[in-house]
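Reader: I have a new structure to look at. Please walk me through the labels attached to its parts.

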Amino acid sequence: MVAIMTGMHTDFPPTRRPVRQLLAASVGNAVEWYDWYAYTFLATYIADQVFPKSADNSLVPLLSTFAVFAVGFFMRPVGGLLMGAVADRRGRRAALTVTILLMGGSSLLVGLTPTYSAAGVLAPVLLVAARLLQGLSVGGEFAASTTFLVESAGPGRRGLFSSFQYVSTTAGQLVASGVATVLVDTLSEDRMNGWGWRVPFVLGAVLSLVGFWIRQGAEETRSAEQQRAARPGLFEALRRHPRQSLLICGITAGGTIAYYTWTSYLPTYAELNTGLDKSDALLAGTISLAFFALLQPLGGMLSDRFGRRPLLLFFGVGFALLSVPLLHALRDSFAVLLLVQCAGMILLTGFTSISAAVNAEIFPPRVRAAGIGFPYSLTVALFGGTAPYVGTLFKDLGHSGLFPWYVAVLCLLSSLVYLRLPETAHKELAR
């Protein structure tokens with residue numbers, strides 16, 4: 001593994017249009033994640049309309065909605081493997097084009113899903129199908145865009161370019177959260193339940209077409225040598241680089257549970273455990289996401305100068321020590337929720353701002369996209385995608401206080417991996 005990361009190769013030369021490269025990756029990625037996260041922010045409305053209600057337990061529809069959220073995550077490893085293979089065989093731009101079209105179609109399907117009262121069991125079936133397609137798309141998006149961003153960077157700028165992975169992801173979340181907040185604040189509860197929750201998904205389908213158009217002008221980053229080489233097999237990365245695959249799992253486990261807890265689930269967690277008003281929770285989430293986006297380039301630049309490992313340890317050890325006190329500090333207070341979210345965002349930047357660079361620096365270019373995509377997406381599915389469901393389930397079982405410990409333990413385990421991680425920030429990227 002170390003030999004791969006320290007081999008005598010040259011960095012990818014800077015692309016002729018680095019700003020266009022960043023825009024192509026970022027705009028498309030933002031649209032992808034806008035569609036994905038709109039589901040999370042509107043989960044309670046979807047639960048009321050698409051799933052049957054239980055007379056015994058009001059949390060059953062919400063649990064069902066988050067279960068479908070998790071199901072979508074389990075398609076992400078498939079997407080990471082398949083779209084990663086497309087990126088390694090046909091080029092990064094080709095894979096990015098496919099993923100955004102898949103996301104647009106699945107978003108439209110969510111927006112058009114009938115209610116349970118109108119269509120019965122067909123409603124949740126269609127919702128599951130849409131989420132499976134979204135999971136396939138998002139898994140492929142991360143594999144292709146991670147590789148595309150890092151390969152577009154010049155020497156000494158991989159961390160900075162890497163940070164735009166989560167700048168754009170957060171921008172998508174921010175727009176989704178903002179749209180949801182505006183709808184909740186301006187529409188009555190009846191209108192939100194009737195048609196308001198559908199608006200973000202139809203809008204997402206339209207935005208996907210914009211992202212598709214922008215990506216058509218992107219410059220391919222796969223080297224000419226790799227384009228001439230024999231195409232890699234579908235499972236070549238796993239077969240030939242099992243140690244690197246396991247390493248990505250260890251790097252990602254703590255990061256993904258912290259990320260999805262703080263950026264997606266925390267507003268719902270606050271609603272369930274403190275009784276905080278729904279609109280206040282969404283507004284706090286929107287403000288903290290804007291703060292988070294601004295931090296990402298700073299984290300990327302710091303890693304280019306001081307290395308990847310110090311930032312990863314800042315994140316991992318910080319969350320291992322502070323997850324429990326931060327989540328236990330939540331009260332029925334907008335200000336407290338906002339402070340808890342922003343504190344977590346600072347720690348989280350140590351992981352998110354550089355994860356794309358760290359992952360890309362582990363694998364050789366021949367299988368870089370597929371090598372990243374499958375183990376990363378599998379780990380996210382196991383620990384990130386299930387975070388809302390696990391947190392809600394703990395609440396349903398009367399043990400909501402265990403969830404913060406669950407987050408802390410996973411971050412501690414990842415910190416042990418970071419301690420032994422070879423430093424790659426100042427090494428040349430294999431071509």
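Reader: What makes Phe-201 count as buried or exposed?

Author: A word first: this is a predicted model. Phe-201 has a relative accessible area of 0%. Buried means under 20%. Phe-201 is therefore buried.

Reader: And Trp-197, buried or exposed?

Author: Trp-197 also has its value: 0% relative accessibility. The cut-off is under 20%, so Trp-197 counts as buried.

Reader: Why is the pair of Trp-197 and Phe-201 called edge-to-face?

Author: Two values decide. The ring centres of Trp-197 and Phe-201 are 6.4 Å apart. Rings pair if their centres lie within 6.5 Å. The planes stand at 70°. Planes over 60 degrees apart count as edge-to-face, so the name fits Trp-197 and Phe-201.

Reader: How many aromatic pairs does this rule give?

Author: The count comes to 13 aromatic pairs. One of the clusters to look at joins Trp-262, Phe-315, Phe-319, Phe-351 and Tyr-418.

Reader: What makes Tyr-265 and Phe-403 an edge-to-face pair?

Author: Their ring centres lie 5.7 Å apart, and their planes are at 80°. The limits are within 6.5 Å for the centres and over 60 degrees for the planes, so Tyr-265 and Phe-403 form an edge-to-face pair.

Reader: Which parts of the chain does that pair link?

Author: Distant ones. Tyr-265 belongs to helix H14, while Phe-403 belongs to helix H21 (residues 402–419). The two residues are 138 residues apart. Tyr-265 is buried, at a relative accessible area of 0%. Phe-403 counts as buried too, with 0% relative accessibility.

Reader: Which residues touch the most other members of the largest nonpolar core?

Author: Tyr-260, Leu-348 and Phe-403 do, in a core of 85 residues. Helix H14 (residues 242–274) gives the largest share, twelve residues.

Reader: How do you know where this core lies with respect to domain 1 and domain 2?

Author: Look at who contributes. Domain 1 (16–219) gives residues to the core, and so does domain 2 (237–426). The core therefore lies between them.

Reader: What does Tyr-260 touch?

Author: Its partners include Trp-33, Trp-36, Tyr-37 and Phe-73. Arg-76, Tyr-265, Val-380, Gly-384 and Ala-387 are also among them. Residues up to four places away in sequence are not counted.

Reader: Which residues does the second, separate core include?

Author: Leu-22, Ala-153, Phe-161 and Ala-218 are among its 14 residues.

Reader: How far apart are the C-alpha centres of domain 1 and domain 2?

Author: They lie 19 Å apart. The contact takes 54 residues from domain 1 and 60 residues from domain 2.

Reader: What makes Leu-203 partly exposed?

Author: Leu-203 has a relative accessible area of 34%. Under 20% would be buried and over 50% exposed, so Leu-203 falls in between and is partly exposed. Leu-203 is in helix H11 (residues 199–215). Leu-203 touches Tyr-34 and Val-179, leaving out residues up to four places away in sequence.

Reader: Why does Gln-296 count as buried?

Author: Gln-296 has 0% relative accessibility. That meets the limit of under 20%, so Gln-296 is buried. Its place is helix H15 (residues 278–306). Among the residues Gln-296 touches are Ser-163, Tyr-166 and Thr-349.

Reader: And Gln-244, buried or exposed?

Author: Gln-244, in helix H14, has a relative accessible area of 4%. The cut-off is under 20%, so Gln-244 is buried.

Reader: How many disulfides does a search of the whole structure find?

Author: Zero.

Reader: Why is there no bond from Cys-249 to Cys-411?

Author: Distance settles it. Cys-411 holds the closest cysteine sulfur to that of Cys-249, and the gap is 16 Å. A disulfide needs sulfur atoms within 2.5 Å, so this pair is too far for a bond. Cys-249 is partly exposed, at 23% relative accessible area.

Reader: How do you know that Cys-342 has no bond either?

Author: The closest cysteine sulfur is again in Cys-411, 18 Å from the sulfur of Cys-342. The limit is within 2.5 Å, so Cys-342 is too far for a bond. Cys-342 has a relative accessible area of 17%. That is under 20%, so Cys-342 is buried.

Conventions
Residues numbered from 1 in each chain as written. Predicted model: local features only at pLDDT ≥ 70, side-chain atom pairs only at ≥ 80, totals over all residues. Heavy atoms only, no water. Core = buried A, V, L, I, M, F, W, Y, C linked by side-chain atoms within 4.5 Å. Buried < 20%, exposed > 50% of the residue type's maximum accessible area, 1.4 Å probe, protein only. Helix = DSSP H or I, 4+ residues; strand = E, 2+ residues; numbered from the N terminus. Domains from an automatic or database assignment. Contact = heavy atoms within 4.5 Å. Phe/Tyr/Trp six-rings, centres within 6.5 Å; stacked < 30°, edge-to-face > 60°.
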